[in-house]
2 protein chains.
Amino acid sequence: MLDDRKLAVLRAIVEDFVSTNEPVGSKALVDRHNLDVSPATIRNDMSVLEEQGYIVQPHTSAGRIPTDQGYRLFVDRLSGVKPLSAAERRAIETFLAGAYDLDSVVMRTVRLLAQLTRQVAVVQYPSLTRSAVRHIELVPVSERRLLLVLITDTGRVEQRVVELPAEIREDSITQLRAVLNACLDGRKLADVATVVAQLPERLSAAEQPNAVAVFSVIVETVVERHEERVVVGGASNLTPADFSRGLHEVLEALEEQVVLMRLLGESGDQAAVTVRIGSENEVDGLRNASLVVTGYGAGNQSLARLGVIGPTRMDYPTAMGAVRAVARYVGQILAES
Amino acid sequence: MLDDRKLAVLRAIVEDFVSTNEPVGSKALVDRHNLDVSPATIRNDMSVLEEQGYIVQPHTSAGRIPTDQGYRLFVDRLSGVKPLSAAERRAIETFLAGAYDLDSVVMRTVRLLAQLTRQVAVVQYPSLTRSAVRHIELVPVSERRLLLVLITDTGRVEQRVVELPAEIREDSITQLRAVLNACLDGRKLADVATVVAQLPERLSAAEQPNAVAVFSVIVETVVERHEERVVVGGASNLTPADFSRGLHEVLEALEEQVVLMRLLGESGDQAAVTVRIGSENEVDGLRNASLVVTGYGAGNQSLARLGVIGPTRMDYPTAMGAVRAVARYVGQILAES
DNA sequence: ACTTGGCACTCAGGGCCCAGGAGTGCCAAG
DNA sequence: CTTGGCACTCCTGGGCCCTGAGTGCCAAGT
């Protein structure tokens with residue numbers, strides 16, 4: 001249906017359009033890429049490609065630009081993943097090297113990705129559910145309040161304030177802390193809820209009300225996978241030229257945690273780099289945008305996702321390369337700590 | 001020099017321009033505001049105001065728009081702070097009510113401010129330096145690494161990974177933890193450095209190397225007021241019409257923590273709501289922007305700053321009202337917890 | 001000494017037209 | 001199937017004119 005040359009033409013159109021942002025015509029094509037056929041031939045191919053829905057012309061007598069479907073074919077069959085240059089690899093390493101805790105890893109990653117791709121970068125905080133409890137700390141804040149700090153083996157620190165039904169004595173706190181750590185240390189967060197459910201038996205009746213309050217906050221923290229936050233960076237890379245309907249709606253979408261979570265969630269395969277192009281995104285404000293995303297996490301597990309968002313007119317091979325590389329490096333960093 | 005009517009004219013010009021974003025002419029002025037003089041009179045006043053540098057015309061035969069100096073006079077002498085409506089107050093309360101920890105207070109505050117003012121909101125995390133240590137926790141992460149968690153009485157949790165020079169045993173950790181908490185609990189962070197300096201004496205020679213590593217990280221965390229982060233929200237409220245040179249440079253400035261810190265730092269009085277208009281900002285990308293900012297903190301102390309950033313063409317009275325009100329409410333919340 | 005109506009002047013913006021040029025589609029020949 | 005030729009389309013940018021809002025100035029009025 002589409003012979004090799006037609007595919008080559010499509011590839012050339014995508015590449016040219018990506019780099020110039022102008023509709024590309026038959027003449028321009030033949031001399032910029034060395035296809036050794038005449039413009040007329042290309043025109044025939046183009047008209048077939050248009051018929052099939054891979055390209056369109058903005059108006060009669062203008063060049064062609066790829067459709068979402070055209071980009072789709074391009075990433076699926078016509079382009080690979082462009083590996084990073086040595087310099088870029090070095091940049092990644094030095095950039096991530098100084099990261100001490102999870103927060104700084106995430107913040108650096110998002111900046112790094114944005115710089116590398118010159119797009120908007122999004123990085124999701126590693127999900128709690130697959131990590132395990134390293135330590136639980138209770139700190140009195142006032143008579144009726146405790147600060148609960150939960151530290152995971154992925155180096156994540158969750159903090160919540162617990163409102164107590166009754167005053168609590170220092171030694172009760174100590175005991176509670178001991179029980180919690182004894183029972184929960186090393187447990188996968190996924191199992192915490194069930195373990196906690198059995199805990200009240202171990203406590204005297206007097207201590208139960210306060211303990212239950214603490215327990216329910218723990219379960220909340222763990223179960224509701226609260227705060228699977230997404231961090232965004234590089235918004236200044238957005239260029240109005242690429243979003244006809246204005247940056248406004250894009251910026252809006254980027255500020256909505258919920259929207260971003262949904263967006264990242266939709267994308268299929270966890271491990272591979274996947275691409276969602278334009279209208280493939282269910283999110284309203286991002287119908288002109290593409291998402292290049294992959295999972296990452298300590299070692300090979302995939303705890304969360306990171307990627308870049310840009311105009312459909314995006315340099316996919318490079319973006320995919322950068323996303324893949326960054327995800328790997330971050331995975332390494334997380335595995336070490 | 002400027003009689004009452006001229007001031008009234010300036011005020012009217014500012015108000016009209018803020019609401020319409022179009023240069024305002026003499027005729028429009030007289031019938032929108034009920035000045036009972038003729039347009040010609042207004043024209044004379046305007047020409048004086050222009051001579052003095054309070055307004056300009058974009059081109060001959062266009063209306064006038066305020067200069068930065070004009071806005072300055074407006075906020076200093078012609079406008080008060082507009083108190084919030086009852087509905088808005090209620091909105092603030094309900095919005096902030098559900099905030100449990102510092103992170104969520106800050107996040108909610110930034111969203112709240114952005115919604116209330118329809119501008120970009122910036123909220124600085126409360127500075128560490130004025131708060132006191134509530135608790136220090138050490139958690140082994142690997143043989144040569146400790147996770148140090150420092151909890152302050154403002155509910156802030158700082159986490160750092162400590163690289164140890166030698167392996168450390170469980171009981172050393174316990175002892176170190178005890179010493180740290182005994183000596184530092186309740187101390188102002190400002191004093192921590194000096195206290196820590198005297199600690200090594202209390203330890204046996206064998207433990208010193210590891211302990212010193214921990215100490216230096218603590219001092220770093222505390223002294224370098226590391227991570228006085230600024231959170232930004234409401235970027236989608238930026239409208240291209242207001243920034244002739246494009247949103248790009250504004251977005252860039254907003255992503256630079258350092259720049260924002262400097263911006264917030266510059267502004268004078270801690271307690272009052274202060275306004276910096278256009279070119280008064282030293283930051284390059286924000287020469288067309290104004291900043292309305294105030295200090296906030298538990299009770300009356302001022303731990304950090306929050307405010308909004310928008311075009312110089314901003315509704316200052318409303319913005320100032322919102323900023324002041326939000327700062328107060330947040331102060332209350334922080335004081336309670 | 002201000003204020004006011006009158007009047008001439010200025011200029012940005014919108015509409016219109018035109019020419020140039022890039023690009024297309026079609027066709028007939030190779 | 002490819003190619004050169006050719007007529008056609010229509011976007012783009014420049015130039016032109018006109019309109020209208022708005023000004024500055026002046027001379028008369030209070």
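Which residues are the closest to DNA strand D? In this predicted model, they are V37(A), S38(A), T60(A), S61(A) and G25(B), out of 22 residues that surround the strand; a residue counts as near a strand if its C-beta atom, placed from the backbone, lies within 6 Å of it. Local features need pLDDT of at least 70 and side-chain atom pairs count only at pLDDT 80 or more, while totals for chains, interfaces and linings use all residues. Residues are numbered from 1 along each chain as its sequence is written, with chains lettered from A and ligands numbered from 1 in the order in which they are written.

Let us stay with strand D for a moment. The elements giving two or more residues to this surface are α3 of chain A together with α2 (26-32) and α3 of chain B, and α3(B) gives the most, with four. Helices (H or I, at least four residues) and strands (E, at least two) are DSSP runs, numbered from the N terminus.

Now turn to DNA strand C, which 21 residues surround; the closest are G25(A), V37(B), S38(B), T41(B) and S61(B). Here α2 (26-32) and α3 (39-52) of chain A, together with α3 (39-51) of chain B, each give two or more residues. It is α3(A) that gives the most, with four residues. By class, the surface near strand C has six nonpolar, twelve polar and three charged residues. Ala, Val, Leu, Ile, Met, Phe, Trp, Tyr, Cys and Pro count as nonpolar, Asp, Glu, Lys and Arg as charged, and the others, Gly among them, as polar.

How do the two protein chains relate? Chain B can be laid on chain A with an RMSD of 0.1 Å by a turn of 180° and a shift of 0.0 Å along the axis, superposing by least squares on the C-alpha atoms of residues with pLDDT of at least 70 in both. The two copies are therefore related as by a two-fold rotation axis. In chain B, E137(B) has the C-alpha nearest that axis, 4.0 Å away.

Between the chains, 26 residues of chain B are in contact with 26 of chain A, contact meaning C-beta atoms, placed from the backbone, within 7 Å. On chain B's side, β4 (133-142), β5 (145-152), β6 (157-163) and α10 (247-255) give two or more residues. That side has twelve nonpolar, seven polar and seven charged residues.

Methods
Contact = placed C-beta atoms within 7 Å.
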